[in-house]
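This report walks through one protein chain, from its backbone details to its packing. Keep the structure open while reading.

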Amino acid sequence: MKIRQYDAIVIGSGQAGVPLAKKLANHGKKVAIIEKRWIGGTCVNDGCTPTKTWIASAKAAYDAHKSTELGVFVEDAKIDMTIIKKRKDKIVENARSGNQKALESTKNLDVIFGEAAFTDFKTIGVTSDTGSQQILKADLFFLNTGAVPFIPEIEGLNAINFLTSTSILELDQVPEHLLIIGGNYIGLEYSQMFRRFGSRVTIVEKSPRIMAREDLDVSEEMHKLLKLEGIDILLNAETTFFDKQGPEKVVATIHTNGKKQKISCSHVLVATGRVPQTGPLKLNNTGVKLDNKGYIKVNSKLETNVKGIYALGDVKGGPAFTHISYNDYTIVYRNLLENTNYTTRNRSIPYCVFTDPQLGRIGLSETEAKKQGLTIKVAKLPMTAVARAVETGDTRGFMKAIVDAKSKRILGASILAAQGGEIMTILQMAMEGKITYDRIRYGVFAHPLYAESLNNLFMTLED
C-alpha cells in the first residue's frame, strides 16, 4: 500500500485541531486533518453550541412563567421540543458545515474522514466507514481527539436506553421524569434545562454536595437555587441497580446514607464525567506515554515524550474547556511558526457553568487559597444588594472575590449571579493587568450595570 507523506497530521477536528490545521497549511506545510465523525469536535456538535441553544429555550420558558412578577402576563406558554430541537440542529449544522468548508477550501490541506491509529513510529493507518484504509506519515503530529462520556458499571444500566450528554441532544420529546446520575457541571445544566421544559428531575450525587470542587457556600447556594425550581437532589447517594419495566419506565435502586429507596423514572442521564479518546490511537506503536487515567502526557509546551508529537485539548487531561483547547492551539502554533517560547504555566483558567444564574469562576477559590496558606481577605456581596439585580427582578446568588491581604491583588472570584460569566471576566482582566481591588472599588462604571456593583463588592473589605 502506498504511503502518503505529509509535513503535519492533525488527528481530531476540535477547537485546537481545526485552526491549527489551517494555520500550518497557510504557512506552506502539507497538512492532513483526520476526523472520524463530524468536523468541530465536542463544542460544536455535542457541547457548547447545542446545549446553549437549548438553555436559551429553557430560559425563555422560565421568563415566561416568572413574568407575572413584573406585571407581564403570558398566557398558554407551551414547550414544543420538536421546534427546540430543529433550531438546535440548524445552528449546529451551520457551525459544522462552516468549519468543514473552511478546511476544505484551504490550500495544502487534505480533510480525511476515518479512524486513525498509529501502526508504526509517526505512521498512521486511517480506516474509513466503508473499511478502506490508507497509510500516512508525517514528522509532526497533533492529537486533538478529545474525550467521551464515562459510563460507570451499574447493574442493569446496559439493559436500559440510558442517555449521555451526547445522546440526550437527540430527544424531541420532553422526558416525564429525568433521573440524572452525577451532580457536577454537565448534570446541573441539564437538570435545570429539562426542569424548565417541564420534566420532573432528580439528581443522584454520590458526594456530600453538588459541585464538590467549588467553595462550600457556592455549592450550597446552587443547591438551594435548583431546589427552588423543584429539582430533587439526593446527596451521599449511589445508584446500584436499574430495572426496565416498560417502554418508558425504569426503576432505579438508590442507596442514600445507608438507606435503600426505589425511584421510578422515564429517562436516565449518565453524567459521571468523561474519559480521553486515546485507546483507538494505539499510541504504544509510536511510544507516546499516557498517565494512569489514559490521558496523554505532555510538557508545558504540549509536546509528548516523543519529539514532534503534540497533544491538545481534553485528550491531554487538565481543565476540559473549549477555550483551553483553543489556547493550546495558540501556544503550539506560535512556538512552532513564530519561534516564541510560550507555555501553559500560570495561564488563567476561567470557566462558566451555564446554569441560570451562571457561575463564573477564575483563579483561586477561598478553599484553595487557604490550603496554600495565603493571607487573604474575602469580599462577598449578595445580589439582593445589587441595583441592577433588583431592577430586573433577579436577585439570586452572590458575588465573591478572594484578594491578597497585603498586595491587594485579586486572586480569584466566584460570581454566582445573572451574567456571572461576564462579571467574572472583568475581574479576570483586572487580574491579568495586576489591578488591585482598591482601584476597582473607586473606579467609575456605567450605571446601572452588574459590573458597577464590583465597587460595592470591594467596599465590603476593610483596609
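P357 sits in the loop between β17 and β18. In this predicted model, a cis peptide bond joins D356 to P357, with omega about 5°. A cis bond also leads from H447 into P448, where omega is near -5°. P448 belongs to the loop between α11 (437-441) and α12 (454-459).

Positive phi values come next. L302 has phi near 75° and is not a glycine. Its loop runs between β15 (274-276) and β16 (309-311). L302 counts as buried because its relative accessibility is 1%, under the 20% cut-off. K434 also has a positive phi, about 60°, without being a glycine. This lysine lies in the loop between α10 (420-432) and α11. K434 counts as exposed, since its relative accessibility is 53% and the cut-off is over 50%. G230, just after α6, takes a positive phi of about 90°.

**Overall build**

The protein chain has 12 helices and 21 strands. Its radius of gyration is 24 Å, close to the 23 Å that the globule rule gives for 463 residues, so the chain is as compact as a globular protein of that length. The C-alpha trace spans about 70 × 60 × 45 Å along its principal axes. Of the 463 residues, 51% are buried. Among contacts with a separation of 6 or more, 63% are between residues 24 or more positions apart. The accessible surface is about 21700 Å², and carbon and sulfur atoms account for 50% of that area.

**Strand β18 and G360**

Strand β18 contains G360. Is G360 buried or exposed? Its relative accessible area is 0%, so G360 is buried. Leaving out residues up to four places away in sequence, G360 touches Y351, C352, A413, S414, I415, G420, G421 and M424. N285 is 75 residues from G360 along the chain, and their C-alpha atoms are 42 Å apart.

**Helix α6**

Does the length of α6 match its residue count, and what span should its 13 residues cover? At 1.5 Å a residue, residues 216-228 should span 18 Å; the end C-alpha atoms are 18 Å apart, so the two agree. The buried residues of α6 are D217, V218, S219, E221, M222, H223, L225 and L226. Their cover includes α5 (185-197), β10 (232-234), β18 (358-363), β19 (376-382), β20 (398-404) and β21 (410-417).

**Nonpolar cores**

The largest nonpolar core holds 34 residues, and I168 and F194 have the most contacts inside it. At least two residues each come from α3 (48-66), α4 (81-104), β8 (177-181), α5, β9 (200-204), α6 and β17 (351-353). Helix α5 gives the most, with six residues. Beyond residues up to four places away in sequence, F194 touches W54, M81, I168, L171, P175, L178, S199 and V201. A second, separate core has 25 residues, including I423, A430, Y450 and F458.

**Salt bridges**

Side chains of opposite charge can pair when their charged atoms come close. The structure holds 26 salt bridges. Three of them are listed here.

| Pair | Closest N to O |
|---|---|
| K52 and E189 | 3.2 Å |
| E170 and K85 | 3.6 Å |
| D89 and K88 | 2.8 Å |

K52 and E189 form a salt bridge. This pair links distant parts of the chain: K52 is in helix α3, E189 is in helix α5, and their positions lie 137 residues apart in sequence count. K52 is partly exposed, as its relative accessibility is 27%. E189 counts as buried at 12%.

E170 pairs with K85. This bridge also links distant parts of the chain, 85 residues apart: E170 is in the loop between β7 (147-149) and β8, while K85 is in helix α4. K85 counts as buried, with 14% relative accessibility.

In the pair of D89 and K88, D89 is partly exposed at 29% relative accessible area. K88 is buried, with 3% relative accessibility.

Some bridges share partners. They join K59, D63, R196, E229, D356, D394 and R396 into one network. D356 of this network also stands at the cis peptide bond to P357.

Notes. Residues are numbered from 1 along each chain as its sequence is written. This is a predicted model: local features need pLDDT of at least 70, side-chain atom pairs count only at pLDDT 80 or more; totals for chains, interfaces and linings use all residues. Side-chain values use heavy atoms; hydrogens and water are left out. Helices (H or I, at least four residues) and strands (E, at least two) are DSSP runs, numbered from the N terminus. The expected span of a helix is 1.5 Å times one less than its number of residues. Buried means under 20% relative accessible area, exposed over 50%, partly exposed in between (1.4 Å probe, protein chains only). Contact means heavy atoms within 4.5 Å. A nonpolar core is a set of buried Ala, Val, Leu, Ile, Met, Phe, Trp, Tyr and Cys residues joined through side-chain atoms within 4.5 Å. A salt bridge is a side-chain nitrogen of Lys or Arg within 4 Å of a carboxyl oxygen of Asp or Glu. The radius of gyration is taken over C-alpha atoms; the globule rule is 2.2 Å times the number of residues to the power 0.38. Accessible areas come from the Shrake-Rupley method with a 1.4 Å probe; for residues, only the protein chains shown count as cover.
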